[in-house]
Amino acid sequence: MGQVRQPRRVQAYDGELGAAVARAQEGDEAAFAVAYRFVQPGLLGYLHGIVGDDAEDVAADAWLDIARDLGRFKGDGAGFRGWTATIARHRALDHLRRQRVRPRAGGTEQDVLDLPGPHSTHEQALESLSTERALELVRGLPQDQAEAVLLRVVVGLDGPAAARVLGKRPGAVRTAAHRGLKRLARQLGIGGETEKGVTDGACRTLGEST
């Protein structure tokens, strides 16, 4: 699986993505292909973190839904990334249900109240992993943490957009992402006391440097 783009770079292309989506809604097939190329790498990385090796099959199902419902979408490039992530998540959860695999429980209200303090470097933890290895470790996190990390770092959504995809409050998603990255650092036995934003260090493994 190829490397995924980092959030800042993804967001830099949102203008082009939005324009391509608008043209695709008017029936421009080439524009739809452009939108696909912008979105697919991050979407595939997100799905890999949820369903593993079945990610490409689930992504294909998601794109069928995206193409079918494209005319209903309203928004810009960033909104399109969030919309496609929501559709992909629904297809992933359907896939897991068919396999009779119950996703691990999401976060509770305590996730909002029990905010993490300064923690050891998820940045160092992620820098020491290859992209594929990082996604495998993320997949081993509790469901709420894995999805928060994937949406923020791999898909490149901001906190409110990721919260909308997951049906949670932004504070809960932020907490889950921090906890997930902290857990990855702990699994690798890495310590330290720098406090960074969720994507600052994570991108260096799940994509490219900031």
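Which side chain meets that of Arg 68 in a salt bridge at 3.0 Å, N to O? In this predicted model, the partner is Asp 69. The legends below begin with the overall fold and then come back to that pair.

**Figure 1. An all-helical chain, shown whole before the close-ups, has 12 helices and zero strands.** Read from the N terminus, the order of elements is α-α-α-α-α-α-α-α-α-α-α-α. The protein chain has 210 residues, and 50% of them are buried. Among contacts with a separation of 6 or more, 76% join residues 24 or more positions apart. The accessible surface comes to about 10000 Å², and carbon and sulfur atoms account for 46% of that area.

**Figure 2. Arg 68 takes part in salt bridges with Asp 65 and Asp 69.** Let us start with Asp 65: its closest O atom and the closest N atom of Arg 68 are 3.5 Å apart. Both residues belong to helix α4 (residues 55-69), and because they are three residues apart there, about one helical turn separates them. The bridge to Asp 69 has an N to O distance of 3.0 Å. How do the three residues compare in burial? Arg 68 is exposed, at 59% relative accessibility. Asp 65 is buried at 13%, and Asp 69 is likewise buried at 13%. In this view, then, an exposed arginine meets the buried Asp 65 and the buried Asp 69. As a reminder, side chains of opposite charge can pair when their charged atoms come close.

**Figure 3. Asp 94 and Arg 97 form a salt bridge within helix α5.** Their closest N and O atoms are 3.0 Å apart. The two residues sit three places apart in α5 (residues 77-98), so about one helical turn lies between them. Asp 94 is partly exposed, with a relative accessible area of 24%, whereas Arg 97 is exposed at 54%. Through shared partners, salt bridges link Asp 65, Arg 68, Asp 69, Arg 72, Arg 91, Asp 94 and Arg 97 into one network. For the wider picture, the structure holds eight salt bridges.

**Figure 4. The N-terminal end of α5 is capped by Asp 76.** A side-chain oxygen of Asp 76 lies 3.4 Å from the backbone nitrogen of Ala 78. Follow the helix from there and you will pass 22 residues, with 32 Å between the first C-alpha and the last. That span is close to the 32 Å expected at 1.5 Å a residue.

**Figure 5. Asp 14, in helix α2 (residues 14-25), makes a polar contact with Arg 81.** The contact joins the two side chains at 2.8 Å. Is Asp 14 buried or exposed? Asp 14 is buried, with a relative accessible area of 12%. Leaving aside residues up to four places away in sequence, Asp 14 touches Gly 77, Ala 78 and Arg 81. Ala 78 also appears in Figure 4, where its backbone nitrogen lies 3.4 Å from the capping oxygen of Asp 76.

**Figure 6. The largest nonpolar core holds 52 residues.** Which members touch the most others? They are Phe 80, Leu 151 and Leu 157. Helices that each supply at least two core residues are α2, α3 (29-51), α4, α5, α8 (131-139), α9 (143-155), α10 (159-166) and α11 (170-187). The largest share, 10 residues, comes from α3. Now look around Leu 157: beyond residues up to four places away in sequence, Leu 157 touches Arg 81, Gly 82, Ala 85, Leu 151, Arg 152, Ala 162 and Val 165. Arg 81 is thus a neighbor of Leu 157 as well as a polar partner of Asp 14.

**Figure 7. Lys 168 occupies the loop between α10 and α11.** At 29% relative accessibility, Lys 168 is partly exposed. Lys 168 and Asp 144 lie 24 residues apart in sequence, with 9.9 Å between their C-alpha atoms.

**Figure 8. Helix α11 has a span that agrees with expectation.** At 1.5 Å a residue, its 18 residues should cover 26 Å, and the end C-alpha atoms are indeed 26 Å apart. Which residues of α11 are buried? They are Ala 172, Val 173, Thr 175, Ala 176, Ala 177, His 178, Gly 180, Leu 181, Leu 184 and Ala 185.

How values were computed: Residues numbered from 1 in each chain as written. Predicted model: local features only at pLDDT ≥ 70, side-chain atom pairs only at ≥ 80, totals over all residues. Heavy atoms only, no water. Salt bridge = Lys/Arg side-chain N within 4 Å of Asp/Glu carboxyl O. Buried < 20%, exposed > 50% of the residue type's maximum accessible area, 1.4 Å probe, protein only. Polar contact = N/O pair within 3.5 Å; in protein donor to acceptor, adjacent residues only side chain to side chain. Contact = heavy atoms within 4.5 Å. Areas by Shrake-Rupley, 256 points an atom, 1.4 Å probe, with all protein chains shown as cover. Core = buried A, V, L, I, M, F, W, Y, C linked by side-chain atoms within 4.5 Å. Expected span 1.5 Å × (residues − 1).
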